[in-house]
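User: I would like a close look at one strand and the parts packed around it. Please take me through it residue by residue, then out to the sheet and the core.

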Amino acid sequence: MIRPAVPADVSAVTSLVNAAYSGYVARNGKTPGPMRDDYAMLIAKNQVHVLQPDEEIIGLVVLIPEPNAMLLDNVAVSPTAQGRGYGVKLIAFAEQRARDAGRPAIRLYTQDIMVENIALYTKLGFVETHRAEEKGLNRVYMTKML
């Protein structure tokens, strides 16, 4: 079940994000953007949804409405649950939320070293729009028209 995150989820959400992204710190020595975010604030703004099929939160999406798109700011799946299609399920959820909000597109960005993610996003219909350095990270920006 995907549901809105609540304040009681802050610790679990933060732990999940840190576990999901820690491998990238080892890969390039830089802390990915999602590991720097304030999840208490994002949850308070109703921008976090969690995937919780039973007692444990195993995935999440952070969605930020923009004037002409929905920003898929983060999608993360617990390392113990990866490879089972949960990321694709969360992205489909994000796309539906964007449609429901009347946004014609969904956009995201990822680090250039996250080649697995770039390949998945491309497979799901996202198109690279540009690359830029932001906050010390080399980012790849992608958009999908809905």
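Analyst: Start with Leu71. Its relative accessible area is 6%, so Leu71 counts as buried. The model is a predicted one. Leu71 is part of strand β4, which spans residues 70-77. Leaving aside residues up to four places away in sequence, Leu71 touches Val62, Leu63, Ile64, Glu66, Arg107, Leu108 and Tyr109. Along the chain, Gly83 is 12 residues from Leu71, and their C-alpha atoms are separated by 24 Å.

Next comes Leu72. With the same sequence neighbours left out, Leu72 touches Val61, Val62, Leu63, Ile91, Ala94, Ile106, Arg107 and Leu108. Leu72 also belongs to the largest nonpolar core, which has 21 residues. Leu72 is among the residues with the most contacts inside that core, along with Val61, Leu63, Val75, Tyr121, Phe126 and Met142.

Which elements give two or more residues to this core? They are β3 (59-65), β4 (70-77), α3 (86-100), β5 (105-111), α4 (115-123) and β7 (137-145). Helix α3 gives the largest share, 5 residues. There is also a second, separate core of 18 residues. That one includes Ala5, Tyr39, Val50 and Leu60.

Now move along the strand to Asn74. This residue, too, is found in β4. Is Asn74 buried or exposed? Asn74 counts as buried, because its relative accessibility is 2%. Its side chain has polar contacts with two tyrosine side chains. One is to Tyr21, at 2.6 Å. Another is to Tyr39, at 3.1 Å. Tyr39 is also one of the residues in the second core. Beyond four places in sequence, Asn74 touches Val17, Tyr21, Pro34, Tyr39, Leu60, Val61 and Val62.

Two helices lie across this strand. Helix α1 (residues 10-28) lies across β2, β3, β4 and β5. Its direction is at about 85° to β4. Helix α3 lies across β1, β2, β3, β4, β5 and β7, and runs at about 160° to β4.

Step back to the sheet. It is open and has 7 strands, in the order β1-β2-β3-β4-β5-β7-β6. The pairing is mixed. In that order, β4 sits between β3 and β5. Strands β1 (2-4) and β6 (127-134) stand at the edges. Each has a single partner strand, so one side of each has no neighbour in the sheet. From one strand to the next, the twist averages 25°.

One pairing shows the detail. Strand β2 (residues 48-51) pairs with β3 in the antiparallel sense, over 4 bridges. Val48 has Val62 of β3 as its bridge partner. Val62 is also among the residues touched by Asn74, by Leu71 and by Leu72.

Finish on the β5 side. Tyr109, one of the residues touched by Leu71, is in strand β5. The whole structure holds 3 aromatic pairs. Tyr109 and Tyr141 form one that is tilted, with 5.5 Å from centre to centre and 40° between the planes. Tyr141 is in strand β7, and the two tyrosines are 32 residues apart, so the pair links distant parts of the chain. How do the two tyrosines stand for burial? Tyr109 counts as partly exposed, at 23% relative accessibility. Tyr141 counts as buried, at 9%.

How values were computed: Residues are numbered from 1 along each chain as its sequence is written. This is a predicted model: local features need pLDDT of at least 70, side-chain atom pairs count only at pLDDT 80 or more; totals for chains, interfaces and linings use all residues. Side-chain values use heavy atoms; hydrogens and water are left out. A nonpolar core is a set of buried Ala, Val, Leu, Ile, Met, Phe, Trp, Tyr and Cys residues joined through side-chain atoms within 4.5 Å. Buried means under 20% relative accessible area, exposed over 50%, partly exposed in between (1.4 Å probe, protein chains only). Contact means heavy atoms within 4.5 Å. Two strands pair if DSSP finds at least two bridges between them. Axes are lines fitted to C-alpha atoms, for helices over the stretch in contact, and angles run from 0 to 180 degrees between N-to-C directions. A polar contact is a pair of N or O atoms within 3.5 Å; within protein, one must be able to donate a hydrogen and the other to accept it, and residues adjacent in sequence count only if both atoms are side-chain atoms. Rings of Phe, Tyr and Trp (its six-membered ring) pair if their centres lie within 6.5 Å; planes under 30 degrees apart count as stacked, over 60 as edge-to-face and the rest as tilted.
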